[in-house]
Amino acid sequence: MKDIFDECQFGELNLNSRIVRTGTWETETEEGGFLSPAIYDKYEKIASSGTGLIVSEMFVLDHKDRFAPYSSSLNYLGFVKDYKMVTDICHNYDVPILGQLAFFYYDDGENQKAEPNDLKIEGIRKLQAEVIMAAKKFSFAGFDGIQIDMGNNFYLARFINPYFNQRNDQYGGNTENRVRIASEIIKVIKKTMDMHVSIRINPWDVRKGGMTAEESIKVAKELEKAGADSIQLTARTISYLYDGREKNPFLVYADELIDSLEIPVILGGSLRDMKSMNDVLNHSNVEFMSMSKPFVAQADFLAEWKANGEGESICQSCNNCYSKKTSTCFKY
Ligand SMILES: Cc1cc2nc3c(=O)[nH]c(=O)nc-3n(C[C@H](O)[C@H](O)[C@H](O)COP(=O)(O)O)c2cc1C
């Protein structure tokens, strides 16, 4: 029987459990501000309570590319110093941590909001160089790897999506071509740095002419072929929690994706209690599960689950922490 608190391997990384605290923004440091003691304290609680792997908040390459004013750039003054302290805290508890890169816009030097079809080859090279440098900067700060967000509607998700990409060069057309921008980045990072590379992708796109579930499996295979170490799916409400009869389409997709890959896949979204999570683990191919809002509501809730062998998050899924962009719980 699988259990969320099993110690396990995640690529080259050893995890204390199957639980991933997924990317959750928490700072606004653009004015040169530094991390507050409360944030170090939060990381200490998350790392010490039974979490297997942590993904940082999202960072952008340039503050103009941010998804929300509240998210942070890799280039704020204290980044390496502040985050070295965060990664040290996690490592004190043998918890690996990945730095997340997620940019919504991209400035190619000519256009601050250059869309995938507009990028010239020089723009592609600039983007790739900047992502590779971001991985280097994460490594300076002690991160065990980088997670590149190619899910939701982030820039690279649009780049690989046929709905947005109509390029007719080697970066457009078939799946391999559209994913090439990322494959080339992954190859360089894996060749030059000792960093885990995780990619966050969408299971499918609801837009007509967008990425299908079938193609997103092909995308994951291309990423794996390039050297990616893990895949994380973006959230879809997991109301499917296995009830012994029928699986929700997202879980059917996840099962197929996991079957198609050698590398680990993280599944998450709306997971709130230990029993249902263990049910999913034991009735599907899923091995790693992520949570965000439960950690916002109570950073160290896993310690109670582990001690009691059961538990349910106090998070009410009101989503205020997300919609107000403050990452603080409005109820607790
Ligand atoms: C306050 C808040 C901040 C978030 N920040 C990020 C982020 O920085 N990067 C990311 O990939 N996802 C982010 N997300 C999405 C979560 O990673 C997760 O996919 C989503 O909340 C669903 O999981 P949950 O039901 O366990 O919260 C955020 C979510 C919340 C609620």
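How far is an oxygen atom of the ligand from a polar backbone atom of lysine 293? The distance is 3.0 Å, and the views below place this contact in its surroundings. The structure is a predicted model, in which local features need pLDDT of at least 70 and side-chain atom pairs count only at pLDDT 80 or more, whereas totals for chains, interfaces and linings use all residues. Residues are numbered from 1 along each chain as its sequence is written, and side-chain values use heavy atoms, with hydrogens and water left out.

**View 1. Polar contacts of the ligand.** Polar contacts here are pairs of N or O atoms within 3.5 Å. Besides the contact of lysine 293, a backbone N or O atom of serine 270 lies 2.7 Å from an oxygen atom of the ligand, and a polar side-chain atom of threonine 22 is 3.4 Å from an oxygen atom of the ligand. Of the 610 Å² of accessible area that the ligand has on its own, the protein covers 93% (Shrake-Rupley method, 1.4 Å probe).

**View 2. The shell around the ligand.** The shell holds 20 residues, of which Gly23, Gln100, Arg200, Ser270 and Ser292 come nearest (a residue counts if one of its heavy atoms lies within 4 Å). By residue class, the shell divides into 7 nonpolar, 8 polar and 5 charged, with Gly counted as polar and Tyr as nonpolar.

**View 3. The largest pocket.** The space taken by the ligand is the largest pocket, a placement that requires more than half of the ligand atoms to lie within 2 Å of the grid points. A pocket is an open set of points on a 1 Å grid over the protein atoms alone, where a 1.4 Å probe fits, with protein on both sides within 12 Å along at least five of seven lines; lining residues have an atom within 4 Å of a point. The volume of the largest pocket is about 750 Å³, and of its 31 lining residues, Arg200, Ala235, Ser292, Lys293 and Tyr322 are the closest to its centre. Two or more lining residues come from each of strand E9 (230-233), strand E11 (288-291), helix H9 (293-297) and helix H11 (320-323) (DSSP runs, at least four residues for helices and at least two for strands).

**View 4. The second largest pocket.** This pocket has a volume of about 190 Å³. Helix H1 (37-48) gives the most to its lining, with 5 residues, and the lining includes Glu26, Phe295 and Thr328. The lining residues divide into 5 nonpolar, 3 polar and 4 charged.

Terms used
Points joined across faces, edges and corners; volume = space filled by probe spheres on them. Polar contact = N/O pair within 3.5 Å; in protein donor to acceptor, adjacent residues only side chain to side chain.
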